[in-house]
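Let's walk through this structure together, one helix at a time and then outward to how the chains meet. Keep the 3D view open as you read.

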Amino acid sequence: MIKRSTYTSGYLPYLLILPQIVITLTFFYWPALQGLIQSFLLSDPFGQQSKFVGFYNYREIFTDPLYLKSIFITLTFSIAVATVSMTLGLFIATMANRALRAKALVRTMLIWPYAVAPAISGILWLFLLHPSYGIVALGINKWLGINWNPVLNGTDAMVMVTIASAWKQISYNFVFFMAGLQAIPKSLIEAAAIDGASPFKRFWAITFPLLTPTFFFLSVMNIIYSFFETFGVIHTVTQGGPGGSTNILVYKVYQDGFVGLNLGSSSAQSVVLMSLIILITVLQFRYVEKKVQYTG
Amino acid sequence: MVEKTPVLDSFTYIFLMIGILIVGFPIIYSLIAATLPLEAVSKVPMPLVPGDQFLVNMKEAWTRSNLGHQILNSFIMAAGITIGKITVSMIAAFSIVYFDYRLRVVAFASVFCTLMLPVEVRIMPTYEVAANVFGPMQTVWNFLHLSTAVSWITGNEFEISLNWSLLDSYSGLTLPLIASATCTFLFRQFFLTVPEELCEAAKMDGAGPMTFFWKILFPLSTTNIAALIVIEFVYGYNQYLWPLLITTNPDMTTAVIGLQDLIPQADDLPEWNVALGAALMVMLPPVLVVLSMQRWFVKGLIEKEK
């Protein structure tokens, strides 16, 4: 797309777009290419020598039980984070949209966690769920009768990072659901009410179907969030432990590449991760946008 | 609402309160913890009455990990990313929308491709680039055996080594994160909605492209810019993986990463009051930005993702 009325002046447009192109080439295309090449090479840890090994690195990671486990963990984790934060976000947004008074105040009190860094969210929940000092952990021990110990138990650790990651994301989902709810024409709701539909019926028959575009969009955004931005949560709270039970893909790339200095394997993992994200994005643009119901 | 539902309405407010409480609880609890002395904070359960040690804990947190300097680093990083991204993408979008030239589509497509790929998927090689920004050129240079060619022509030994490292520098913290297409895409969308007549009128009056940009397009974009400032500031300030990799010098550490050192480990004194006090201080700037610019923030967040 371009304007009907345009300028034509020799070098100026090139000059204007140059910074973006230079930055994109140096920090995006070149590293992406390097990563791709690196994933077909086997190098010694100091990067002195490397030789071409074909798909060796890929075969290695896909036969590595730790990597397969990490894929499974990442999927479980991202689905859990998306489900928890979207359910709560939608619930709170529906309530806030129903509320007649103090809408602005309610919104103010709900959106600020967006600004909290994932790592800080991790620290706050680490304290609340700490096996010896956490008040929430105490409640879990006492009332649910579970011997809560995220330091030793992998499932507990997973629950802990999921809560910390989902909590921060509630406000993001809230903002979008709120915008989605406000975009629904009042007349539709009123017509249904006149026909005798109860508030619950109206929610499931009108509001919910009309929110599907928001819903799908948020699923993708939440999955991408839990794939990458939760690095801070993992790094501060569990460091991938105990026993690799919270070692999500992006954390494994970091550990194998920067801590283990296994460049080939780390690059192959990056390429897999990148392909996965491209796939999700393409799916979102191609498939989801068409399937979505826009009629009530 | 449409009809009178007093019971449902009261439930609405009750659930809303519960929702706000879930969202606010970690902060309220941490605030209380930050006011308590060590003996109280390590009691299980911790007393819920605020203590009087708030300033003492804050001061301890501030000095223990050089928090002031780290927050300053975070600020510089966030400001650099915000200003850099907005400037670069605004002029790029201007070029794409208002000029007709041969490589326009190619340029746009190449930028657009980077839309959904965060820095996290290509950390290793990006780190290598940051370690030597001229690395790509050096590779091309070596590949073409230009050194050999030059020494053959001049008859002298000729070696060139290009080196510019971004490690442990503010440019290293900001530049690689400016490479993102989201802002460019947003400005493009916005420029496309600006009425054609404005540009035509400007041309009629003899305004060149840059005059048009400064006098008409820029003033029209202020709301969009304000919205992006909030979002990009929060994004920049809260970065984790990238600053963790490229800063090894404690003087260059950002605040969010510096907090890691304050978390009590198994063998330490459980000084959660200090750790949480520091966490609260570190998260204050972006929270204040979001709250004070709430209107633009909500608008920007929603427009950006469209």
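In this predicted model, helix α13 of chain B, residues 222–237, is a good place to check geometry against expectation. It has 16 residues, and at 1.5 Å a residue it should span 22 Å; because its end C-alpha atoms are 22 Å apart, the two values agree. Many of its residues are buried, among them the run from Ala227(B) through Leu228(B), Ile229(B), Val230(B), Ile231(B), Glu232(B) and Phe233(B) to Val234(B). Asn224(B), Gly236(B) and Tyr237(B) are buried too.

Staying in chain B, let's turn to a pair of helices. Two packed helices are described by the angle between their axes and the distance between the axes. For α4 (residues 67–98) and α10 (residues 182–193) of chain B, the axes come within 8 Å and cross at roughly 45 degrees. That angle is neither under 35 degrees nor in the range of 65 to 115, so α4(B) is oblique to α10(B). The crossing of this pair is right-handed. On the α4(B) side, the residues that meet α10(B) include Lys85(B), Ile86(B), Ser89(B), Met90(B) and Phe94(B); on the α10(B) side they include Phe187(B), Arg188(B) and Phe191(B). Sorted by class, this contact has 11 nonpolar, two polar and two charged residues.

Now for the partner chain. Chain A contains 13 helices and two strands, and its C-alpha trace spans about 75 × 70 × 30 Å along the principal axes. Of its 296 residues, 44% are buried. Among contacts in chain A with a separation of 6 or more, 68% join residues 24 or more positions apart.

How do the two chains meet? In all, 88 residues of chain B are in contact with 87 residues of chain A. Helix α1 of chain B, residues 6–33, gives the largest share of chain B's side, with 13 residues. That side has 64 nonpolar, 15 polar and nine charged residues.

One helix pair spans the two chains: α5 of chain A (residues 118–128) and α16 of chain B (residues 272–292), whose axes come within 10 Å and cross at roughly 150 degrees. The helices are therefore roughly antiparallel, and α5(A) passes α16(B) in a left-handed crossing. Ile120(A), Ile123(A), Leu124(A) and Phe127(A) meet Trp272(B), Ala275(B), Leu276(B), Ala279(B), Val282(B) and Met283(B). This contact divides into 10 nonpolar residues, with no polar and no charged ones.

Terms used: Residues are numbered from 1 along each chain as its sequence is written. Chains are lettered from A and ligands numbered from 1 in the order in which they are written. This is a predicted model: local features need pLDDT of at least 70, side-chain atom pairs count only at pLDDT 80 or more; totals for chains, interfaces and linings use all residues. Helices (H or I, at least four residues) and strands (E, at least two) are DSSP runs, numbered from the N terminus. A residue is buried if 20 or more other C-beta atoms lie within 10 Å of its own, exposed if 12 or fewer, and partly exposed in between; C-beta atoms are placed from the backbone. Two residues are in contact if their C-beta atoms, placed from the backbone, lie within 7 Å. The expected span of a helix is 1.5 Å times one less than its number of residues. Ala, Val, Leu, Ile, Met, Phe, Trp, Tyr, Cys and Pro count as nonpolar, Asp, Glu, Lys and Arg as charged, and the others, Gly among them, as polar. Axes are lines fitted to C-alpha atoms, for helices over the stretch in contact, and angles run from 0 to 180 degrees between N-to-C directions. Angles under 35 degrees count as roughly parallel, over 145 as roughly antiparallel, 65 to 115 as roughly perpendicular and the rest as oblique. A crossing is left-handed if the near helix is turned anticlockwise from the far one by less than a right angle, and right-handed if clockwise.
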